[in-house]
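Biologist: I would like a close look at one part of this model, the opening helix, together with whatever setting is needed to place it. Please take it slowly and connect the pieces as you go.

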Amino acid sequence: MTSLTDLHRQLEIMRPLLLRFALLQLRNKTTAEDAVQETLLAILEKPDSFAGQSSFRTYVTGILKYKIIDHLRAQKRETPLTVNDGDSEAELIDHLFTADGHTVSPPAAWGEPESVLQQKDFFRILQLCLENLPEKTAQVFMMREWLELDAEDICKELGVSASNLWVILYRARLRLRECLDIHWFVHRQPGK
């Protein structure tokens, strides 16, 4: 990054794409917004963390990928805060943070985001194909192929059997292949 202004500009341009991707997986606008905001904040808090080993877009999308995984896992383990009669909501929230404003339980390390985005147009077509899949089929495919969750974890998260999971993935791959054949590969052949 050359300057903080350039960083802000690039992130603002990428924001709609990030939001669409988060919506595809999370299927909740508020949760998707949260994941994107957390991603942007992580980048803005440490603008020098980008090492240039991949494209900036790949780096940002990689961070979003981990934020989405965190949200999916949190849905299973989080319980809403309840305020006892004697406590105020502010007191309850104060117990979650240290005196210097940091969280009591720090977040897990992200690791290095993988290079997944190579071509802007291909990703756009793939995203359109995913949006045309049935909701559960798209979610299962994204959890397995993009978020790289184990089959066992997906079955637990969605309450499906292992055999049902493999049938859903098979159908998703067939429909995506057909969609990509029509909208991407056919248009890329010479003379078309």
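Modeller: The bend at a residue is taken here as the angle between two fitted axes, one through the seven residues that end at that residue and one through the seven that start there. With that in hand, and keeping in mind that this is a predicted model, we can turn to helix α1, which covers residues 4-26 and has a kink of about 40° at Arg15, shortly before the proline Pro16.

Arg15 itself is among the buried residues of α1, and the list runs on both sides of the kink: Leu7, Leu11 and Met14 come ahead of Arg15 in the numbering, while Leu17, Leu18, Leu19, Phe21, Ala22, Leu24, Gln25 and Leu26 follow. Just after the helix, Arg27 adopts a positive phi of about 60°, and helix α2 then takes up residues 29-45.

The two helices pack against each other with their axes 9 Å apart and at an angle of about 145°, and the crossing of α1 past α2 is right-handed. On the α1 side, the contact is made by Leu7, His8, Leu11, Arg15, Leu18, Leu19, Ala22, Leu23 and Leu26, so that Arg15, the site of the kink, also takes part in the packing. On the α2 side, the contributing residues are Lys29, Thr31, Ala32, Glu33, Ala35, Val36, Gln37, Leu40, Ile43 and Leu44.

As for the setting, the protein has eight helices and zero strands, and of its 192 residues 35% count as buried. Among contacts between residues at least 6 apart in sequence, 68% join residues at least 24 apart. The accessible surface comes to about 12,500 Å², with 51% of that area belonging to carbon and sulfur atoms.

Away from α1, a search of the whole structure finds one disulfide, which joins Cys129 to Cys179 with an S to S distance of 2.0 Å. This pair links distant parts of the chain, since Cys129 lies in helix α5 (residues 120-131) and Cys179 in helix α8 (residues 162-188), 50 residues apart. The torsion about the S-S bond is about -80°, and the disulfide is therefore left-handed. Both Cys129 and Cys179 are buried; Cys155 also counts as buried, because its relative accessibility of 15% falls under the 20% cut-off.

Note on methods. Residues are numbered from 1 along each chain as its sequence is written. This is a predicted model: local features need pLDDT of at least 70, side-chain atom pairs count only at pLDDT 80 or more; totals for chains, interfaces and linings use all residues. Side-chain values use heavy atoms; hydrogens and water are left out. Helices (H or I, at least four residues) and strands (E, at least two) are DSSP runs, numbered from the N terminus. Buried means under 20% relative accessible area, exposed over 50%, partly exposed in between (1.4 Å probe, protein chains only). A disulfide is a pair of cysteine sulfur atoms within 2.5 Å. Contact means heavy atoms within 4.5 Å. Accessible areas come from the Shrake-Rupley method with a 1.4 Å probe; for residues, only the protein chains shown count as cover. Axes are lines fitted to C-alpha atoms, for helices over the stretch in contact, and angles run from 0 to 180 degrees between N-to-C directions. A crossing is left-handed if the near helix is turned anticlockwise from the far one by less than a right angle, and right-handed if clockwise.
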